[in-house]
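Please read this briefing alongside the sequence and the model. The points below are grouped by topic, with each term explained where it comes up.

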Amino acid sequence: MSTPYDQGKAALDELIDWAAENVAEVQRNEATTRLQLIDQLLTKVLAWPRAQIEAETAYEGKYVDYAIGRPFTRLIVEAKREGSYFSIPAGLTSSIQRLSNLTDGKAGEPLKAAAEQVAGYCASRGVSLAVVCNGLQIVAFLGVRTDGVPPLKGNALVFPSLSAMRENFRLFWDNLSKPGIEARNLHVTLKEGGKKSAPAPLSASIPHYPGIKRRNDIQVGLQILAELFLEDLTRAAELEEEFLRATYATSGALSQYAMLSKQILENRYSLLHESDSNFETEPAAARGGQISPNLAGDILASGLSKRPIILLGDVGVGKTMFIRHLVNVDAKEVFQQSVVFYVDFGQKSALMSDLREFVIEDVIRQFREKYNIDINDRKFVEAVHHGALNRFDKGIYGELREIDEVAYRRERLSHLARLTSDSASHLLASMEHLRGSMQKQIVIFLDNIDQHASELQEQVFLIAQSLASEWPATVFVSLRPDTFYRSRSEGTLSAYQPRVFTIAPPRVDVVLKKRTSFALDVLKDPSILPSFNSQVTLESDSLTACLEVLLNNFENNENLVRLIDNLSAGNTRLALSFVSSFIGSGHVDTRKIVDIYSQSGHYTIPLHEFLRATIYGDYEHYEPESSPIANVFDISEPDGREHFLLLLLLAYVETSGDRAGTEGFVSSDDVYTYGQQSGFSADQIAWAVERAVRKGILERSPRARNVSGVEHIRVTSAGVYTARVLAGMFAYLDAVVVDTPIVDDAYRRLISDAHSIMDRLRRAGHFRTYLDNQWRTVESSVSNPSLNWREQSTRLGNEIARISDRLQ
Ligand SMILES: Nc1ncnc2c1ncn2[C@@H]1O[C@H](COP(=O)(O)OP(=O)(O)OP(=O)(O)O)[C@@H](O)[C@H]1O
């Protein structure tokens, strides 16, 4: 099979022949050159898809001949007429030349003019790679450099003829083809001196960074208890129904605190089914909490459906909780009449085994443990294979019964052994038997697959499909939107038309109040849950006080609820973990809280106190990978303006996504264009976007990327909150300062490790002034920045001054 590399080489051979045959023609003008030679070179030889080449794009009134690459422009090509030759000084044979050697003197003038022109375009659009091409010759160089070398004084990769490209095809391909450019080979070839990286942040010089935050005994005890009562309580089987009734918040009720437009909140999954009529999606529950009539109907039609029913939802949104509530409360009567298997792929053993085997073994185990049916029990086996045994009796061995009873029984036994040897088909027969003789519906839930890698999720999805079509059971499978769409677009799913019900998150404030009240009830009345109370230690009084404080704050402290609601961005598990980590945090003076509360009956949790517990977790210093909160000021290059790149992008995506009909999504093309027009390089933008997606402050549409080939992104509530609230808070600056490279030597010296509150306030003051200085350079290069840093900075300044005054 020929590779794109082979195809490129063959296309170049053809082009060489064609150029030789047509050499006598009138000299081609620029348009013809482009059409006949440059287009061929780019698309056929160098494998750039047409969809990634834009010709004649305008920016600030200037036109570039070709802007190449999606979602962002990776190189700009300036096309010259074929007759406009570049001359290579005599004796220079290497493909890599100093560009200034080629542009010297009169002979170098045409190339010099073209190189200056394209370098100008590159600078104004933030594209680093520049190419000048006249159809037969190519010169490539770095149009924007970050190593201080002026672009026209740097190196260039030169191919003075088509045959030179052919002779050095490997070099030509590696540096200029689509895969070569994407791998950044040209940067390396031209020895940019490696991209300069940003100076090390303060954390690099802090001994034992990030340091484990010490907890006192109370905090240690409280943390264990908080996890037990707020998170583990979920799994206490004795309390299942009581727990669900007391703590379930209806799925799909819109948040009252999210700093996102209603449009985005209401359309959490809606870009999902645009222009795909092969399947229907609908919310599993209406906003009032009632189960969708279609979902209820599907449960009743159990076993008739040959396709799995998909419960689609983001991580931690409450898919498992929805299933449990459905089975034990919402449709309790239906499920009581049914045989229900719940296969949990969250267990470790799921990872170790063959997945199909795991499902079969687990269902057999549940038959035994939940329904008291051992499908290998002799009597049961005989009942299941009753028909087969009748046929056996009528067959040739049936006669043995009269001749030799023992031999008959032995044959019959081997027959049964054969029928049960394949556990999958024996299980299938057992299910058929149950459905027929006991009139039971069979329902199987395959859950928590989304905690595994995506390949595994797809495998489980395929298993669900085959179970639904082979077994007399209704199969539910919970999936994340991205796996679902990947499977559809890659064909695993395309033959099926699954039923899809989406699970929207509940209101976080309601979940928190209900969960805290329930934990308090269990704590106060040991008889509710004996197994739990045996684990309660001396700290249970402190825990009671903490939970009462929290409950009170969830009811009255809007700022706190807004923080949790927005930062958890629909991940209910994350919201609960914020609360339990606050209770046992080494960064919170729990003793003080409990004392104030017992004296006054009231304690308002300040935002900064809760934020500290969340942002630092178990560490003493901010650690960007493990913290659930992103450092928006981090940079990838020694470019101080980059401190504001992510904030600018967040504000841009938020405003552009607010237009009606897009559900908040903006195409990456637009994002890159905006960033590049603001003077940032594509690499800087890619780095910022990647980091933001990883930290959940921007999210990609799982669907748009696969269907139209263009990635779409939108801001999350965590993104809006981080940009608008956190970035202007002292506690946030105080945390992320250790992780932010400082490009100004003077400020780098001022910003050091600090412990006392006065030192930290001083440090935050320096950091703020430093950021203000960098912001001035942004303001001077971005005509209409999407961000108002001055306002945030003033807020910060006021807060720092207020705290200092209070302390003095
Ligand atoms: N509607 C709800 N009411 C009350 N608590 C909820 C609700 N939904 C989720 N929770 C709580 O949030 C946490 C996460 O929920 P759950 O495990 O159901 O999410 P999930 O979507 O199944 O997660 P994953 O994507 O990891 O499988 C649990 O502690 C659960 O009790």
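Helices (H or I, at least four residues) and strands (E, at least two) are taken here as DSSP runs, numbered from the N terminus. On that basis His208 belongs to the loop between helix 8 and helix 9, and the protein as a whole comes to 39 helices and 16 strands. The model is predicted: local features need pLDDT of at least 70, side-chain atom pairs count only at pLDDT 80 or more, and totals for chains, interfaces and linings use all residues. Residue numbers start from 1 along each chain as its sequence is written.

**Burial and the nonpolar core**

- Of the 808 residues in the protein, 43% are buried, where buried means that 20 or more other C-beta atoms lie within 10 Å of the residue's own, exposed means 12 or fewer, partly exposed is in between, and C-beta atoms are placed from the backbone.
- The largest nonpolar core (a set of buried Ala, Val, Leu, Ile, Met, Phe, Trp, Tyr and Cys residues joined through C-beta atoms within 7 Å) has 207 residues, and Ile444 and Leu446 touch the most other members.
- Helix 31 (residues 645–657) gives the most to this core, contributing 9 residues.
- Neighbours within four places in sequence aside, Leu446 is in contact (C-beta atoms, placed from the backbone, within 7 Å) with Val343, Phe345, Val460, Ala464, Val475, Phe476 and Val477.
- Among contacts in the protein with a separation of 6 or more, 75% are between residues 24 or more positions apart.

**The ligand shell**

- The ligand has 21 residues around it, a residue being near if its C-beta atom, placed from the backbone, lies within 6 Å, and Gly318, Lys319, Thr320, Met321 and Thr572 come nearest.
- Helix 13 (319–330) and helix 28 (572–583) each supply at least two residues of this shell.
- By residue class the shell divides into 8 nonpolar, 10 polar and 3 charged, with Ala, Val, Leu, Ile, Met, Phe, Trp, Tyr, Cys and Pro counted as nonpolar, Asp, Glu, Lys and Arg as charged, and the others, Gly among them, as polar.
- Because domain 2 (217–232 + 508–616) and domain 3 (269–372 + 440–502) both give residues to the shell, the ligand lies between them; the domain bounds come from an automatic or database domain assignment.

**Strands and their pairing**

- Strand 10 (residues 338–344) is largely enclosed by the rest of the structure, because 5 of its 7 residues are buried.
- Strand 10 pairs with strand 11 (residues 441–447) in the parallel sense over 7 bridges, pairing being assigned if DSSP finds at least two bridges between two strands, and Asp344 has Asp447 in strand 11 as its bridge partner.
- Gln337, in the loop between helix 14 (332–336) and strand 10, is 103 residues from Lys440 in sequence but 6.5 Å from it in space, C-alpha to C-alpha.
- An open sheet of 3 strands runs in the order 14-16-15 with antiparallel pairing, and its edge strands, strand 14 (666–667) and strand 15 (698–700), each pair on one side only.

**Backbone details in loops**

- The peptide bond from Arg70 to Pro71 is cis, with omega near 0°, and Pro71 lies in the loop between strand 2 (62–68) and strand 3 (75–79).
- Tyr209 and Pro210 are also joined by a cis peptide bond, with omega about 0°.
- His208 is not a glycine but has a positive phi of about 60°, and this residue is exposed, with 8 other C-beta atoms within 10 Å.
- Asn372, in the loop between helix 16 (355–371) and helix 17 (378–384), likewise has a positive phi of about 60° without being a glycine.

How values were computed
Contact = placed C-beta atoms within 7 Å.
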